[in-house]
Each structure stands twice: as structure tokens, then as C-alpha cells.
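Here is a short report on one protein model and its ligand. Look through the sequence and the structure, then read on.

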Amino acid sequence: MKRIIIIDGGPRRNMNTAKMLQRLAEGAQSVGKDIELKTIRLYDLDYKGCMSCMACKLKGKASNICRFKDALTPILEEIAQADGLVLGSPIYFGEVTGQMRAFLERLTFPWLSYNDYSLTAPKRMPVVLIETMNGTPDRNNSNGYGTMEYCITTALGRPQHIVGYNTCQVAKYDNYELGGFSEEAKRTWREAHWEEDLQKAYDAGRQMAE
Ligand SMILES: Cc1cc2nc3c(=O)[nH]c(=O)nc-3n(C[C@H](O)[C@H](O)[C@H](O)COP(=O)(O)O)c2cc1C
């Protein structure tokens, strides 16, 4: 049995980020019954970022799983045992969402040793990082998972990236003050790229499960 944990760091159900994660899950599921998938929507949970309680660094009791107790506790424990981790987030002001960032603080700070600055997770595993944004490959402000990507790469392994560029932010642009965007240009982009982006997510899921 392979266990894959999918973390949805976006607030909107059934929009771009959630859809890419759903397709990734379908890809993983296509491999067969021996795959256990769990999708966690961070916006449904009541939790904090790192509280700096330093419990994970206590002498004789150091832990590479966060000791602070809240809604994230069981999820962090499951990730420690998982066989694959998928993170998805829209880009807000050039970064992953605040909820994703807070989650990543809790995930990664316990990996970091202040004795020798090494980063050690309970278990290495394949990782896929998904981002969706208004930006295009040529013109974007995304710093993606930022410094957290270094922690993930060192402690879990080099992640695979999937980026959904130039996404449709709303169904009908005319209903909003979104004059900086052309609905037609968004549509044209979507027709050319969206299915391909979803396919990349599906393939990544299948590959992770295999
Ligand atoms: C608060 C906020 C900030 C955003 N900042 C950026 C940004 O800095 N760069 C960008 O390319 N897109 C930005 N966007 C657009 C979203 O990243 C994009 O619409 C994304 O695909 C939304 O994902 P969702 O459909 O899963 O909610 C922003 C959207 C919101 C709501």
C-alpha cells in the first residue's frame, strides 16, 4: 500500500489549484487499488504557523515532527509516514498562500537542526509542487515555494514542479473590475494550455503512485 498526501493550500474549491490536484489524484488512482490518497484542504483547518515553542529542539526529546497540538498535528504525523507528498497553492503576491506558508513552517522547522544546520525529515519521499497564477512563463512575479523549497529538496528529495500559468480567475470577466485582463486572451490561453497542464498533473500522480 502506497500512501500519498495531497495538501491543497488554496481557498477555492473546484477552481484552478483544486482542479490540478484532483487530476493528480486521478492519475495516482489510475495505477490501482494499492494507492491510498488523502487530500487535505488547509483552509478547512484551524491551525497556526510555527509557534516557536522550541519543543522540537528540547534536549533529549528533539523531534523532527512538530510537537505543537492543533488541527495540523495528525496531518504532520501522517506525512512523516507517507510515500509521496503533493503541495498545491495559488500564487498570492508572488508567494504561496499564507496558509501554505504557515503549514510549511510547521512541517519544516522540526527538520532543521540548530546543532549543525542539517535538514532531516522522518522519511524521504517523492514530492510534487503545484502553483497556479495569473503570470505567464515570460512574465510572472512568482517566487513559488521560496526558501521552503530548499528545505523540501534537502529533507525529502528534489521536487517535480507543475505550474498552471495565466489561469482564469473568474468565469465572467465582465462582471468584475478586472480591466487589466482580456477575457478573450485568457480563453485563448486556456484552450491552448489548460488540458496540457491538467495532463501534466495526471501524469505526475501516476508516476508518483507507480
Ligand atoms: C490575493 C490574491 C493575490 C494574487 N497575487 C498574484 C500574484 O502575485 N501573481 C500572479 O501571477 N497571480 C496572482 N493572483 C492570481 C492567482 O494566483 C490565480 O488566479 C490562481 O490561479 C488562483 O487559484 P485558484 O483558482 O485555485 O483560486 C492573486 C490572486 C489573489 C486572490
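Where is Ser-52 found? Ser-52 sits in the loop between β2 and α2. The model is a predicted one.

**Backbone**

Ser-52 is not a glycine, yet its phi is positive, at about 55°. Most residues other than glycine have a negative phi. Tyr-117 is another residue with a positive phi, near 60°, and is not a glycine either. Tyr-117 belongs to the loop between α3 (98-108) and β5 (127-132).

**The ligand**

The ligand takes up the space of the largest pocket. Around the ligand stand 16 residues. The closest are Asn-16, Thr-17, Ile-91, Thr-132 and Thr-167. By class, this shell holds six nonpolar, nine polar and one charged residues.

Which element gives the largest share of the shell around the ligand? That is β3, with three residues. Both α1 (16-29) and β3 (84-92) supply at least two residues of the shell.

Oxygen atoms of the ligand come close to N or O atoms of the protein in the three contacts below.

| Residue | Protein side of the contact | Distance to a ligand oxygen |
|---|---|---|
| Asn-16 | N or O atom in the side chain | 2.8 Å |
| Thr-17 | N or O atom in the side chain | 2.7 Å |
| Gly-135 | polar backbone atom | 2.9 Å |

How much of the ligand's accessible area does the protein cover? On its own, the ligand has 640 Å² of accessible area, and the protein covers 83% of that.

**Salt bridges**

Side chains of opposite charge can pair when their charged atoms come close. With a cut-off of 4 Å between a side-chain nitrogen of Lys or Arg and a carboxyl oxygen of Asp or Glu, the count is 12 salt bridges.

One of them joins Arg-23 and Glu-195. Their closest N and O atoms are 3.9 Å apart. Why does this pair tie together parts that are 172 residues apart in sequence? Arg-23 lies in helix α1, while Glu-195 lies in helix α5 (residues 183-209), so the bridge spans that separation in sequence.

Lys-38 and Glu-78 form another salt bridge, with 2.8 Å from N to O. This pair also links distant parts of the chain. Lys-38 is in strand β2 (residues 35-41) and Glu-78 is in helix α2 (residues 73-81). The two residues are 40 residues apart.

**In brief**

Helix α1 appears twice in this account. It supplies at least two residues of the ligand shell, and it holds Arg-23, the partner of Glu-195 in helix α5.

Notes: Residues numbered from 1 in each chain as written. Predicted model: local features only at pLDDT ≥ 70, side-chain atom pairs only at ≥ 80, totals over all residues. Heavy atoms only, no water. Near = heavy atom within 4 Å. Polar contact = N/O pair within 3.5 Å; in protein donor to acceptor, adjacent residues only side chain to side chain. Areas by Shrake-Rupley, 256 points an atom, 1.4 Å probe, with all protein chains shown as cover. 1 Å grid on protein atoms, 1.4 Å probe; cavity = no way out; pocket = protein on both sides within 12 Å on 5 of 7 lines; lining within 4 Å. Sits in = over half its atoms within 2 Å of the grid points. Helix = DSSP H or I, 4+ residues; strand = E, 2+ residues; numbered from the N terminus. Nonpolar A, V, L, I, M, F, W, Y, C, P; charged D, E, K, R; others polar.
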